[in-house]
Amino acid sequence: MRGLRALRGLASLTSSTLIECAEATTRTLSTASDLKSVLKEKIPEQQERLKAIKKTHGSKELGKVTVDMAIGGMRGITGLLWETSLLDPEEGIRFRGYSIPELQEKLPAAKEGGEPLPEGLLWLLLTGEIPSKEQVDALSAELSYRGKALPGHVHKVLAALPAGTHPMTQFSTAVLALQPESHFAAAYQKGISKLNYWDPVYEDSMNLIAKLPGIAAAIYRNTYKGGKLIPHDTSLDWAANLSHQMGFDGEEVYELTRLYQTIHTDHEGGNVSAHATHLVGSALSDPYFSFSAGLNGLAGPLHGLANQEVLRWLFDVTKQIGPTPTKDEVEKFVWDTLKSGKVVPGFGHAVLRKTDPRYTCQREFAQKHLPDDPMFKLVSLFYEVVPGVLTEQGKVKNPWPNVDAHSGVLLQYYGIKEENFYTVLFGVSRAIGVLSQGIWSRALGLAIERPKSVTMDVLEKKFA
Ligand code: CMX
């Protein structure tokens, strides 16, 4: 009821009031202890909530659409429902109403004061509730059980790809290779009622999330470590298992992996990977099809591949100028990048207008664990220089760094040197956000996406 009251007048709300609404409607604590039961309890109330929104506000306007918006990548059009997170241009991302520093404080960690366990965020995204440590431990154990072994044919599919295939191509292919296991596709063939879609989609999503660390690690070991795989360790949590199976052990690298895997999960619904997953899922393609589509979008250099590009760019600086360039040399390098018609990777954002809080928390991690690392110092120098140059150039709407400007340097420090692999790590995390929303999309009965398009001819005639 509190939530319904808060949602009256949706059309005129600002994003900060939307955040308050999200908080108000997701804090009824449930009594069940396993994730699926807690989620199941929530579904009827949220279905009723959406029905009421449709009935009361269905015909109200959310905003205008201009010709510029239609031409310019639909920027600024509010036209999607996405429950798991909301992005404020000034403040950055909130997951079910919680900012990243709040999550670092509230979500259970592996040890006192440590980084959040991504399993806790998965619980939060699906239920709107901060889980207890016991609930997170149970979820870790469940994911470990579901993800223990990859089907043999996935290894064969990966082995059949030509040497040199980009890790993101391998990743998307491996996810598709799991598709024959889809519970949703099988249930649909048998004639499942639409009221129950969410259940097999939940099973597929959990199985997929559970298997992703094993897939990513297999790609890493095959591509860079001669194909010697490291078995899954059932005593480790989901993120630590990812690091372990890749061949990186130790509490500090586990902590980095937990933080990394928590903050890359979700960034509301309009970014390419989230929107692609959502769009394909809206046709009732199962989670394997839809997440593979999301990964294909994440592989673009303007989106998730930017973290790979940032590293290459930093290496170019050190190759051309040396390991400790001056501020003036960096400034010239940035100008040269712009003048050659390239983007400065890791800077700018379609929605954000301030430094990305995902950048800030990685910077804080670096300040705590690797303050004297030369690459971290270089990244910090770019933080001082790039926003000024981009502002002076006058084209970008947001000169500040995004998440991708920092992640690679942390990975380098812990020995994960192969930058072509970085977007795979981003993709493993992204699954938690987009598949959580995918489960809710089916539970809420969201429609197949089909916006209207026009031709230039139509535009010229309409406004002649
Ligand atoms: N370097 C150079 N030029 C940039 C720029 C950057 N970092 N960011 C934006 N611009 C340019 C745009 O290309 C655009 O130029 P044109 O008018 O010539 O087309 C102009 O500035 C205005 O763009 P904008 O409205 O500020 O930004 P967009 O919403 O169009 O694009 C983004 C957003 C992220 C694609 C863009 O900032 C970019 O290319 N950044 C570098 C790549 C990157 O870091 N991507 C990762 C984003 C986070 C993520 O998704 O993972």
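Which residues lie nearest the centre of the largest cavity? In this predicted model, V201, G281, S290, G438 and R442 hold that position among the 20 residues that line the largest cavity. Helices contribute to this lining: the elements that give two or more residues are α11 (198–224), α14 (272–282), α15 (287–298) and α21 (422–443). Of these, α21 gives the most, with seven residues. The lining of the largest cavity divides into eight nonpolar, ten polar and two charged residues. The space in the largest cavity amounts to about 150 Å³, and the structure holds five cavities of 30 Å³ or more.

The ligand site was examined next. A shell of 19 residues surrounds the ligand, and L302, H303, G346, K397 and D404 come nearest. By class, the residues of this shell divide into ten nonpolar, five polar and four charged. Polar contacts to the ligand involve both side-chain and backbone atoms of the protein. On the side-chain part, a polar atom of R75 lies 3.0 Å from an oxygen atom of the ligand. On the backbone part, a polar atom of V344 is 2.8 Å from a nitrogen atom of the ligand, and a polar backbone atom of F347 is likewise 2.8 Å from a ligand nitrogen atom. The ligand taken alone exposes 890 Å², of which the protein buries 76%.

Aromatic pairs were also sought, and the search of the whole structure finds 13 of them. One of these is formed by F184 and Y188, whose ring centres are 6.0 Å apart. The planes of the F184 and Y188 rings stand at 40 degrees, and the pair is therefore tilted rather than stacked, a class that requires planes under 30 degrees apart, or edge-to-face, which requires an angle over 60 degrees. Both residues belong to helix α10 (residues 183–190), and because F184 and Y188 are four residues apart in this helix, about one helical turn separates them. In general, an α-helix has 3.6 residues a turn, so residues three or four places apart point the same way.

The two ends of α10 were described separately. At the N-terminal end, S182 acts as a cap, with a side-chain oxygen 3.2 Å from the backbone nitrogen of F184. F184 thus takes part in the capping contact through its backbone and in the aromatic pair through its ring. Beyond the other end, α10 is followed by G191, whose phi is positive, near 100 degrees.

Terms used: Residues are numbered from 1 along each chain as its sequence is written. This is a predicted model: local features need pLDDT of at least 70, side-chain atom pairs count only at pLDDT 80 or more; totals for chains, interfaces and linings use all residues. Side-chain values use heavy atoms; hydrogens and water are left out. A residue is near a molecule or strand if one of its heavy atoms lies within 4 Å of it. A polar contact is a pair of N or O atoms within 3.5 Å; within protein, one must be able to donate a hydrogen and the other to accept it, and residues adjacent in sequence count only if both atoms are side-chain atoms. Accessible areas come from the Shrake-Rupley method with a 1.4 Å probe; for residues, only the protein chains shown count as cover. Ala, Val, Leu, Ile, Met, Phe, Trp, Tyr, Cys and Pro count as nonpolar, Asp, Glu, Lys and Arg as charged, and the others, Gly among them, as polar. On a 1 Å grid over the protein atoms alone, a cavity is a set of points where a 1.4 Å probe fits but cannot get out, and a pocket is an open set with protein on both sides within 12 Å along at least five of seven lines; lining residues have an atom within 4 Å of a point. Grid points are joined across faces, edges and corners, and a volume is the space filled by probe spheres set on the points. Rings of Phe, Tyr and Trp (its six-membered ring) pair if their centres lie within 6.5 Å; planes under 30 degrees apart count as stacked, over 60 as edge-to-face and the rest as tilted.
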